[in-house]
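Student: I'd like a close look at one part of this chain, followed by a walk outward into whatever surrounds that part. Please keep it chatty but precise.

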Amino acid sequence: MDIVRITIDSELGTGIFEMYSTNIQPSLRTGYVVGGRGRGSTVNAVLGQITNDGEDSKRKGVYLDAGGGSLIWSIGFRQWSESTGPDGDPLQWGDDPDPSVHTKTSASGDARALSKLECLVYWLAQSTIDSENPATLEYGQHYPDGVYSAKDVVFEEPQIRNVADDGTWISGDLTLVSAANLSQIQDAASRLIT
């Protein structure tokens, strides 16, 4: 299993959530300007008539891609009490890597997995995560000095599937959607103006 790191910067501080992924499924949600599912039938019919492209021209789609859509990562994860990385150090869960610290905003180290769940839910509920303040996803070759850069993302309906009866482990699904970082765009625009 690979380790996934999600960083949330918010009013609470900086929370780092390291977890083992049971699967990572990247995908692309297309966002055509013209075309796509259920859209563009009128455009297709008109273009078919204009181009007179044979008898089946009414059923050929017209698609214009202007870079719309989003990259999506569906991540299955598992977290348990006393989870450690390959180096034996505790995986960080919240704003403090110290495994002896257990607060609303930190449940690293030997905190029960149910406490880790409550900590993550607290961060998600109390933080504004959007294009002005996206979270950061790091995994595989996606990290600051990796082959690919870390990804700015927002959460889409995170779900916890299972919680052990004794509270020692949790598993769930996170859907992360790539997000433009508007704070960087606004900063670049202001530097161009001044």
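Which loop does Gly 85 lie in? Please start there and work outward from that spot.

Tutor: Sure, and bear in mind throughout that this is a predicted model. Gly 85 sits in the loop between S3 and S4. With a relative accessibility of 9%, Gly 85 counts as buried, because the cut-off for that label is under 20%. If you skip the neighbours within four places in sequence, the contacts of Gly 85 are Ile 3, Tyr 20 and Leu 91. There's also a link back to the beginning of the chain: the C-alpha atoms of Gly 85 and Asp 2 are 9.6 Å apart, although 83 residues separate the two along the chain.

Two of those names turn up again around Met 19. Setting aside neighbours within four places in sequence, Met 19 touches Ile 3 and Leu 91, and its other contacts include Asp 2, Val 4, Ile 6, Phe 77, Trp 93 and Leu 174. Met 19 is also one of the residues with the most contacts inside the largest nonpolar core, along with Ile 6, Ile 8, Phe 17, Leu 137 and Phe 155. That core has 29 residues. The elements giving two or more residues to this core are strand S1 (2-10), S2, S3, H2, strand S5 (135-138), strand S6 (151-155) and S8. H2 gives the most, with five residues.

Leu 91 leads the other way too, to Ser 108. That serine is in the loop between strand S4 (93-94) and helix H2 (113-126), and at 1% relative accessibility it counts as buried. Its side chain reaches the backbone nitrogen of Trp 93 at 2.8 Å and the backbone oxygen of Asp 96 at 2.9 Å. Again leaving out neighbours within four places in sequence, Ser 108 is in contact with Leu 91, Trp 93 and Asp 96, and also with Gln 92, Pro 97, Asp 98, Pro 99, Val 101 and Lys 116.

Now for the strands, taking S3 as the way in. Strand S2 (residues 13-30) and strand S3 (residues 69-80) pair in the antiparallel sense over ten bridges, and Ser 21 stands opposite Phe 77 in S3. S3 is also joined to strand S8 (residues 169-178) by nine bridges, again antiparallel. Here Arg 78 has Ser 171 in S8 as its bridge partner, while Ile 72 stands opposite Val 177 in S8.

S8 has further pairings to follow. Three bridges join S6 to S8 in the antiparallel sense, with Val 154 partnered by Val 177 in S8. So much for S6; strand S7 (residues 159-163) pairs with S8 antiparallel over four bridges, and Asn 162 stands opposite Ser 171 in S8. The hairpin of S7 and S8 has five residues between the strands, and Gly 167 there takes a positive phi near 75 degrees.

Terms used:
Residues are numbered from 1 along each chain as its sequence is written. This is a predicted model: local features need pLDDT of at least 70, side-chain atom pairs count only at pLDDT 80 or more; totals for chains, interfaces and linings use all residues. Side-chain values use heavy atoms; hydrogens and water are left out. Buried means under 20% relative accessible area, exposed over 50%, partly exposed in between (1.4 Å probe, protein chains only). A polar contact is a pair of N or O atoms within 3.5 Å; within protein, one must be able to donate a hydrogen and the other to accept it, and residues adjacent in sequence count only if both atoms are side-chain atoms. Contact means heavy atoms within 4.5 Å. Two strands pair if DSSP finds at least two bridges between them. A nonpolar core is a set of buried Ala, Val, Leu, Ile, Met, Phe, Trp, Tyr and Cys residues joined through side-chain atoms within 4.5 Å.
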